[in-house]
Amino acid sequence: MALRQVDEVAETEVAARALGLVLTRASTDVYPKVPPMQLRALHFVETLEPVNLTRLTEELGTIPSSTSRLCDRLQAAGLLDRRPATTDRREVEIVLTITGRELLDRLRAARRADLAAVLAAMPAPSRAALLHGLREFSAAAHRRSPVSS
């Protein structure tokens, strides 16, 4: 890899870390506080809903018993529910509760407010360049390897 490419990779990593901090900072202000892995699970359930335990396990990259315990905690917190699948009564579907949806909505609103504050501190041409670059990055990432969320 050429030196210029290494510099671009390193700079991209630093910028991505800053973006990640802005996005995760919002979760500290949203109640109830939910650990990152549980938030990931809620996002996957929202995206794939209804989802079964096998698919959620694959998306999270965990083992079924860990995913099941994670779902137990989220269900006890009132954020998701399990119900018999509509297609096969032997299978269980995992769905968000109203409370789970509200939590994700509050989290998105807090993230967007934090992003808006950071973007407002940038000149308009820089914001446009950032958005263009992120669109291109997203397209390249999806072409390379489809992303579920």
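How many helices and strands are there in the protein chain? There are six helices and three strands, and along the sequence they follow the pattern α-α-β-α-α-β-β-α-α. Please keep in mind as you turn the structure around that this is a predicted model.

Let us begin with the overall dimensions. The radius of gyration of the protein chain is 18 Å, whereas a compact globule of 149 residues would have a value near 15 Å. Along the principal axes, the C-alpha atoms fill a box of roughly 55 × 35 × 25 Å. Of the 149 residues, 23% count as buried. The accessible surface of the protein chain comes to about 10000 Å², and carbon and sulfur atoms hold 59% of that surface. As for contacts, take those with a separation of 6 or more: residues 24 or more positions apart account for 52% of them.

Next come the charges. The protein chain carries 21 positive and 18 negative side chains, and the centres of these two sets lie 1 Å apart. Side chains of opposite charge can pair when their charged atoms come close. How many salt bridges does the count come to? The count comes to nine salt bridges, and a few of them make good stops on this tour.

One of them joins Arg25 and Asp114, whose side chains meet at 2.8 Å, N to O. This pair links distant parts of the chain, with Arg25 in helix H1 (residues 3-25) and Asp114 in helix H5 (residues 98-120), 89 residues apart. Arg25 is partly exposed, with a relative accessible area of 41%.

Another salt bridge stays within a single helix. The side chains of Arg55 and Glu59 meet at 3.0 Å, N to O, and both residues lie in helix H3 (residues 53-60). They are four residues apart, which is about one turn of the helix. Is each partner buried or partly exposed? Arg55 is partly exposed at 35% relative accessible area, while Glu59 counts as buried at 15%.

A third salt bridge takes us to the strands, where the side chains of Glu93 and Arg83 meet at 2.9 Å, N to O. Glu93 lies in strand E3 (residues 92-96) and Arg83 in strand E2 (residues 80-84), so this salt bridge ties together parts that are ten residues apart in sequence. Glu93 is buried, with a relative accessible area of 7%, and Arg83 counts as partly exposed at 38%. Elsewhere, salt bridges that share partners join Glu46, Asp105 and Arg108 into one network.

Arg108 deserves a visit of its own. This residue is found in helix H5 and is partly exposed, with a relative accessible area of 24%. Leaving aside neighbours within four places in sequence, Arg108 is in contact with His43 and Glu46. The C-alpha atoms of Arg108 and Val30 are separated by 9.7 Å, although these residues are 78 residues apart along the chain.

Now look at the backbone around Pro50. Which residues does the cis peptide bond join? It joins Glu49 and Pro50, with omega at about -10 degrees. Pro50 is found in the loop between helix H2 (36-48) and strand E1 (51-52), and Pro50 is partly exposed, with a relative accessible area of 41%. Not counting residues up to four places away in sequence, Pro50 touches Arg83, Glu93, Ile94 and Val95. Two of these names are familiar from the strands: Arg83 and Glu93 meet in a salt bridge. As for Ala15, its C-alpha atom is separated from that of Pro50 by 34 Å, with their positions 35 residues apart along the chain.

The last stop is Thr67, found in helix H4 (residues 64-76). Is Thr67 buried or exposed? Thr67 is buried, because its relative accessible area is 1% and buried means under 20%. Leaving aside neighbours within four places in sequence, Thr67 is in contact with Leu53, Leu56, Thr57, Leu60 and Thr62. Among them, Leu53 and Leu60 mark the two ends of helix H3 (residues 53-60), the helix in which Arg55 and Glu59 both lie.

Notes
Residues numbered from 1 in each chain as written. Predicted model: local features only at pLDDT ≥ 70, side-chain atom pairs only at ≥ 80, totals over all residues. Heavy atoms only, no water. Rg over C-alpha atoms; globule rule 2.2 N^0.38 Å. Buried < 20%, exposed > 50% of the residue type's maximum accessible area, 1.4 Å probe, protein only. Contact = heavy atoms within 4.5 Å. Areas by Shrake-Rupley, 256 points an atom, 1.4 Å probe, with all protein chains shown as cover. Lys, Arg positive; Asp, Glu negative; His and termini not counted. Charge placed at Lys NZ, Arg CZ, Asp CG, Glu CD. Salt bridge = Lys/Arg side-chain N within 4 Å of Asp/Glu carboxyl O.
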